[in-house]
Amino acid sequence: MADTLEFNEIYQEVKGSMNDGRLRLSRQGVIFKNSKTGKVDNIQASELAEGVWRRVALGHGLKLLTKNGHVYKYDGFRESEFDKLSDFFKAHYCLELAEKDLCVKGWNWGTVRFGGQLLSFDIGEQPVFEIPLSNVSQCTTGKNEVTLEFHQNDDAEVSLMEVRFYVPPTQEDGVDPVEAFAQNVLSKADVIQATGDAICIFRELQCLTPRGRYDIRIYPTFLHLHGKTFDYKIPYTTVLRLFLLPHKDQRQMFFVISLDPPIKQGQTRYHFLILLFSKDEDISLTLNMNEEEVEKRFEGRLTKNMSGSLYEMVSRVMKALVNRKITVPGNFQGHSGAQCITCSYKASSGLLYPLERGFIYVHKPPVHIRFDEISFVNFARGTTTTRSFDFEIETKQGTQYTFSSIEREEYGKLFDFVNAKKLNIKNRGLKEGMKQSYDEYADSDEDQHDAYLERMKEEGKIREENANDSSDGSGEETDESFNPGEEDDDVAEEFDSNASASSSSGDGDSDRDDKKPAKKAKIVKDRKPRKKQPESKKGKDPNAPKRPMSAYMLWLNASREKIKSDHPGISITDLSKKAGELWKAMSKEKKEEWDRKAEDARRDYEKAMKEYSVGSKADSHRGERSKKKKKKQEKQVKGKGDKKGAASKSSSSKSPAKGMSDSFKSKEFVSSDESSSAESKKEDSEDEGAASPPPSSEDSASGSD
């Protein structure tokens, strides 16, 4: 005989609704996984007390009763599967799978029996119908009458609202049968009654959905949201999952409570309760219980007196009362270093968190998608710009979710994450080895919250000082050399009106210059300041004192090694961005310390500049005197040693023809001797009247040419 039996398309009856899923029977017990919510019910083999096989509306059904009174109903079996199930129960659970048919006589007079959490209305030995008492929302009594009201089922088109039982008046042992009936119902019913004091109260918490400020009162069996306009009472049995998600700015935390069935306000359904906390908010909490009760009920998970961050206290209390693990982000890290991706879903912008077993989007509207319900994902081009892309998810039920406006830099990180989780990517095909390896019957909440909290405590300072806006911080690093006006004017852009003009076209194409003189004049005018710019840079003295560093740069030089050690293998670009985030989030007191250091450095710079300017002026005066002296000596040597050149110049000044020929010489053909002698003509006035011999043959030849 096989060790396991598996059944698909099995329906579990929960609070009047039929939830489809997968059922597995093994030696260890019975596992049912809800296809809609991913919730897993696990019944240990040792807890099974009875198994009943019977005909129901959807074919045949299996009813399992446990030793602690819980009842589980599964419908959708075929009649031929009875023998297989019966043999399995005998071999592995040592139970007889009894066959019991429902009574179909149509009588409305019978006997009510209470067994565990089940109310059974029987005629003789056959049950007519059964009511799980967990479905009862209210129980009221009248004269010889008991009325049961039920939780509404939003998924069903028709819901049973109430049932009335007539109880005949009998006085046995002085006990009122109506009150006895009502007490039996209320002892097992899911009736929310705010009796007694709350275990603890959290005041004025910011709630995103439903929106507003709410007081949260924690009771042993339910959660009470008390606001100015609305009140909500949430039984812990309706809590499906808990999420603790850090905001992208690393200053806030989301605490998300997934509910099934959802809370209602009019026609609006809230499947998620989202609370927003600041990391800086602390609280000291005292539970309204004595220490013995706290130890007995929570077994060390909570203590009577606790203190810490507000979000940590709320999540810790909820985890202990709901008895569910808290799901946190996995190992994913986006381009900016955050554990989420900024995107848009429908008309609102929010954050998409890749988890270990799914995706969650917050906050409007909140969406949770498990990996086991994803058919494929797709990376699509953005509809409006090429700087972003869309991330599409299609589920096995055919529902499609499109998260748009994701920054292009996030593509590589997200693609690697999807690839590592072995999700099918559209248009790439299902490659070998890409089959999803997780257990189909495993719960989707296997993440470890405690490890996350420990990591948060160890890295508390850095994680609390991170900020999202890295562009401002990285810009401060280069603020000393950043000159917007000069940089923009340096090179013409592609679509500027003067982009097509270059230095070669401006100088060489004379025809084009004649036709369009205005454009040439504009270009020359724009280029003049650019010619002066390199000259000023060339004249910078390398011995001049260096400009003082800003407060940010001083802090960066001191913190660079620490950032590298905290983030091993980080690139230079990412390091500057991370430093910008840390500086942006730094407190005012810490920044003032670096501002004082920067001010001291500025004073030292100004002092050094004064000393440098005094010394440079003295050096410049000495340099000018030595230059003049040297130039005078050179001129005197030239005047005495090269009398022929001086004579030719004096003769050329007398003859107009020779002067005309000299005027046609361009700058390129003037010799350095001629230019220097021309410049020193006034200064060497004592040599002007000296007699000169006739010009040589070389000089006359050049003049005739």
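The following exercises, each with a worked solution, concern a sheet, a residue within it and several salt bridges.

The model is predicted, so that local features need pLDDT of at least 70 and side-chain atom pairs count only at pLDDT 80 or more, while totals for chains, interfaces and linings use all residues. Residues are numbered from 1 along each chain as its sequence is written, and side-chain values use heavy atoms, with hydrogens and water left out.

**Exercise 1.** Determine the strand order of the open sheet and identify its edge strands.

*Solution.* Helices (H or I, at least four residues) and strands (E, at least two) are DSSP runs, numbered from the N terminus. Two strands pair if DSSP finds at least two bridges between them.
- Step 1. The open sheet has eight strands with mixed pairing, in the order β18-β17-β16-β15-β21-β20-β19-β24.
- Step 2. The edges are β18 (231–235) and β24 (326–327), each of which pairs on one side only.
- Step 3. Strands β15 (residues 200–209) and β21 (residues 268–278) run antiparallel and are joined by three bridges.
- Step 4. Q206 has L276 of β21 as its bridge partner.

**Exercise 2.** State whether I274 is buried or exposed, and list residues that it touches.

*Solution.* Buried means under 20% relative accessible area, exposed over 50%, and partly exposed in between (1.4 Å probe, protein chains only).
- Step 1. I274 belongs to strand β21.
- Step 2. With a relative accessible area of 0%, I274 is buried.
- Step 3. Contact means heavy atoms within 4.5 Å. Leaving aside residues up to four places away in sequence, I274 touches residues including Q206, L208, F254, V256, V362 and P366.
- Step 4. L244 lies 30 residues from I274 along the chain, and their C-alpha atoms are 10.0 Å apart.

**Exercise 3.** Describe the salt bridges of R113 and of E606, with the accessibility of each partner.

*Solution.* A salt bridge is a side-chain nitrogen of Lys or Arg within 4 Å of a carboxyl oxygen of Asp or Glu.
- Step 1. The structure contains 18 salt bridges.
- Step 2. R113 pairs with D122, the closest N and O atoms being 2.5 Å apart. R113 is partly exposed at 37% relative accessible area, whereas D122 is buried at 8%.
- Step 3. E606 and R602 form a salt bridge at 2.3 Å, N to O. Because they are four residues apart in helix α15, about one helical turn separates E606 and R602.
- Step 4. E606 is partly exposed at 37% relative accessibility, and R602 is partly exposed at 31%.
- Step 5. Elsewhere, K33, R370, D372 and E373 are joined into one network by salt bridges that share partners.
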